[in-house]
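Trainee: Could we go through this chain together, one question at a time, with the reasoning spelled out before each answer?

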Amino acid sequence: MSHHPVNQIKVERPSAERLALLGVDQWPTWSKEVSIFPWQYSTSEIAYILQGEVTVTPKDGEPVNFGAGDLVTFASGLDCVWEVKQPLKKHYHFE
């Protein structure tokens with residue numbers, strides 16, 4: 001039974017209120033230079049992009065672009081390739 005998760009990557013432009021509600025400024029940060037690498041999510045992750053520009057391409061899926069100011073949710077089980085186009089800095093939180 002194979003199914004194709006539609007919403008493996010969700011990108012939104014959060015309000016200041018939503019960020020405060022999530023407590024984003026308390027989350028740890030992670031930085032990455034321009035690079036391409038595979039990644040698999042064993043748990044879901046929410047990331048708030050502080051700087052940079054990224055394209056993430058799910059296996060069997062369409063590329064998703066996001067950058068500074070975006071709040072991005074990655075589904076558990078997502079198998080993808082990250083392409084960091086501009087040096088990345090993000091807050092992140094594992095569900």
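Trainee: In this predicted model, with which residue does the side chain of Asn65 make a polar contact through that residue's own side chain?
Mentor: Asn65 is found in strand β5, and leaving out residues up to four places away in sequence, Asn65 touches Val11, Val54, Thr55 and Lys85. One of these is 10 residues from Asn65 in sequence, yet the C-alpha atoms of the two are 4.4 Å apart in space. The polar contact between the side chains has a distance of 2.5 Å, and the partner is Thr55.

Trainee: Is Asn65 buried or exposed?
Mentor: The relative accessible area of Asn65 is 53%. Residues count as exposed when this value is over 50%, so Asn65 is exposed.

Trainee: Which backbone oxygen does the side chain of His91 reach?
Mentor: His91 is found in strand β7, and with a relative accessibility of 11% it counts as buried. Leaving aside neighbours within four places in sequence, His91 is in contact with residues including Val24, Asp25, Pro28, Ile46 and Tyr48. At 2.9 Å, the side chain of His91 reaches the backbone oxygen of Trp27.

Trainee: Which residues touch the most other members of the largest nonpolar core?
Mentor: In soluble globular proteins, nonpolar side chains tend to be buried together. The largest core here has 16 residues, and β4 (45-58), β5 (64-67), β6 (71-74) and β7 (79-94) each supply at least two of them. A second, separate core of six residues has Leu19, Ile46, Tyr48 and Leu71 among its members. Within the largest core, the residues that touch the most other members are Ile9, Val56, Phe66, Phe74 and Trp82.

Trainee: How are the rings of Trp30 and Phe37 arranged as a pair?
Mentor: Trp30 is partly exposed, at 29% relative accessible area, whereas Phe37 counts as buried at 13%. The ring centres of Trp30 and Phe37 are 6.4 Å apart and their planes stand at 65°. Planes over 60 degrees apart count as edge-to-face, so the pair formed by Trp30 and Phe37 is edge-to-face.

Trainee: How many residues apart in sequence are the parts that the pair of Tyr41 and Phe74 ties together?
Mentor: Both Tyr41 and Phe74 are buried, and their rings are stacked, with 4.9 Å from centre to centre and 5° between the planes. Tyr41 lies in the loop between β3 (35-40) and β4, while Phe74 lies in strand β6, so the parts that this pair ties together are separated in sequence by 33 residues.

Trainee: Which residues form the aromatic cluster?
Mentor: A search of the whole structure finds 10 aromatic pairs. One residue of the cluster, Trp82, touches Phe37, Trp39, Tyr41, Phe66 and Phe74, among others, not counting residues up to four places away in sequence. The members of this one aromatic cluster are Trp30, Phe37, Trp39, Tyr41, Phe66, Phe74 and Trp82.

Trainee: Which residue lies over the face of Phe37?
Mentor: Phe37 is paired edge-to-face with Trp30, but the face of its ring has another neighbour. At 5.0 Å from the ring centre of Phe37, that residue is Lys32.

Trainee: What is the radius of gyration of the chain?
Mentor: The secondary structure comes to one helix and seven strands, in the order β-α-β-β-β-β-β-β along the sequence. For 95 residues the globule rule gives 12 Å, and the chain's value is close to this, so the chain is as compact as a globular protein of that length. The radius of gyration is 13 Å.

Methods. Residues numbered from 1 in each chain as written. Predicted model: local features only at pLDDT ≥ 70, side-chain atom pairs only at ≥ 80, totals over all residues. Heavy atoms only, no water. Core = buried A, V, L, I, M, F, W, Y, C linked by side-chain atoms within 4.5 Å. Buried < 20%, exposed > 50% of the residue type's maximum accessible area, 1.4 Å probe, protein only. Helix = DSSP H or I, 4+ residues; strand = E, 2+ residues; numbered from the N terminus. Contact = heavy atoms within 4.5 Å. Phe/Tyr/Trp six-rings, centres within 6.5 Å; stacked < 30°, edge-to-face > 60°. Lys NZ or Arg CZ within 6 Å of the ring centre and 35° of its normal. Polar contact = N/O pair within 3.5 Å; in protein donor to acceptor, adjacent residues only side chain to side chain. Rg over C-alpha atoms; globule rule 2.2 N^0.38 Å.
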